[in-house]
Amino acid sequence: MARRFFIRSFVPAALALTAWVTAGTIATAEGPLAIDSARITIAGTSNVHAYTASTTNVRVTRSQFALAIIGAQFWDNVLKPGAIEGFEIVVPAATLTSPREGLDKNMHKALKVEEFPDITFRLSRFDVNESAAGTAKAVGVLRIAGVEREVVLDITTTRSGATLTVQGSLDLLMTDYGITPPKAMLGMLKTDPKVTVTFATVLSVPLT
């Protein structure tokens, strides 16, 4: 019988955990994941200066694991094929903020946060790099501003005691999601449509 676990506020780099999903088993359980620390950052450039925006506000909306992996050896088992059977996370787009004055308003408008408040990632499949331990490519569906696109995430994981550090990156074109690159200063500042998303998180598992 599946056991329920409550998942605390989660951060993007948990995207990386999706790198280990494959064809499932029958018995499943909701995921016993907690986050110790995490951050997701978007970096881009303009004709005037580079910019970044980041958030630590991410939540898991689906996290399903094979029942057999739940327990003290969770991290040893979660990296095995079939361990993760479903994974989806949500980032409230309006929580992305930049240290540059005036950027947030234009960025949130471009992301259409009032109409589409959430950015979501849903796992589809994964490819583990057998020649480099702790690395993989996770393939999933990324939804931004109401537009869905398949993406490939480069993932690196590092085990340390009871925690797993997950890091990764992804290059995107804003225009692929129907987003008009933000402008400012009466159009004198124009942003490049290409952005790089990076994420890093430290995950732990409540074993009670």
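In the predicted model, Asn57 occupies the loop that connects strand S3 to strand S4 (59-66). With a relative accessible area of 33%, Asn57 is partly exposed. The backbone nitrogen of Asn57 is reached by the side chain of Thr55 at a distance of 3.0 Å. Across the fold, the C-alpha atom of Asn57 is separated by 6.7 Å from that of Thr95, although the two positions lie 38 residues apart along the chain when counted as sequence separation.

Thr55 itself belongs to strand S3, which spans residues 50-55. In contrast to the partly exposed Asn57, Thr55 has a relative accessibility of 4% and is therefore classed as buried, the limit for this class being under 20%. Beyond the residues up to four places away in sequence, Thr55 is in contact with Arg39, Ile40, Val91, Thr95 and Leu96. Thr95 thus appears both among the contacts of Thr55 and as the partner of Asn57 in the C-alpha distance of 6.7 Å.

Strand S3 also takes part in the packing of helix H2, whose buried residues pack against S3. Helix H2 covers residues 103-110, and its buried residues are Leu103, Met107, His108 and Ala110. These residues lie on the same side of H2, because the arc they cover around the axis is only 160 degrees. The exposed residues Lys105 and Lys109 are carried by the face of H2 that is turned away from the buried side.

Directly after H2, the backbone of Lys112 adopts a positive phi of about 55 degrees. Lys112 is located in the loop between H2 and strand S6 (118-128) and is partly exposed, its relative accessible area being 32%. A positive phi near 55 degrees is also found at Ala145, again in a residue other than glycine. Ala145 is placed in the loop between strand S7 (135-144) and strand S8. Its relative accessible area is 5%, so Ala145 is buried.

Strand S8 comprises residues 147-160 and includes Val147. At 25% relative accessibility, Val147 counts as partly exposed. Contacts of Val147 outside its neighbours up to four places away in sequence are made with Leu142, Asp176 and Tyr177. For Val147 and Tyr177, a separation of 30 residues in sequence corresponds to a C-alpha to C-alpha distance of 5.3 Å.

The largest nonpolar core contains 42 residues. Within this core, the residues with the most contacts are Leu111, Leu142, Ile144, Val151, Leu153, Leu172 and Ile179. Nonpolar side chains tend to be buried together in soluble globular proteins. Leu142 is, in addition, one of the residues touched by Val147. When neighbours within four places in sequence are set aside, Ile179 is in contact with Ala110, Leu111, Ile144, Ala145 and Met174. Among these partners, Ala110 is one of the buried residues of H2, whereas Ala145 is the buried loop residue with a positive phi.

Considered as a whole, the protein has two helices and eleven strands. From the N terminus, the order of these elements is β-β-β-β-α-β-α-β-β-β-β-β-β. Of the 208 residues, 47% are buried. Contacts between residues at least 6 apart in sequence join residues at least 24 apart in 69% of cases. The surface exposed by the protein amounts to about 10600 Å², of which 54% is supplied by carbon and sulfur atoms.

Confidence varies along the model. The average pLDDT of the protein is 76, and 73% of the residues score at least 70. The highest confidence is that of S3, with a mean of 92, while the lowest is that of strand S1 (residues 28-30), with a mean of 49. Over residues 1-29, pLDDT stays under 50, and the model has 120 contacts beyond four places in sequence for this stretch. Where pLDDT is low, predicted coordinates should not be read in detail.

Conventions:
Residues are numbered from 1 along each chain as its sequence is written. This is a predicted model: local features need pLDDT of at least 70, side-chain atom pairs count only at pLDDT 80 or more; totals for chains, interfaces and linings use all residues. Side-chain values use heavy atoms; hydrogens and water are left out. Helices (H or I, at least four residues) and strands (E, at least two) are DSSP runs, numbered from the N terminus. Buried means under 20% relative accessible area, exposed over 50%, partly exposed in between (1.4 Å probe, protein chains only). A polar contact is a pair of N or O atoms within 3.5 Å; within protein, one must be able to donate a hydrogen and the other to accept it, and residues adjacent in sequence count only if both atoms are side-chain atoms. Contact means heavy atoms within 4.5 Å. pLDDT is the predictor's confidence in each residue, from 0 to 100. A nonpolar core is a set of buried Ala, Val, Leu, Ile, Met, Phe, Trp, Tyr and Cys residues joined through side-chain atoms within 4.5 Å. The arc is that of the directions from the helix axis to the C-beta atoms. Accessible areas come from the Shrake-Rupley method with a 1.4 Å probe; for residues, only the protein chains shown count as cover.
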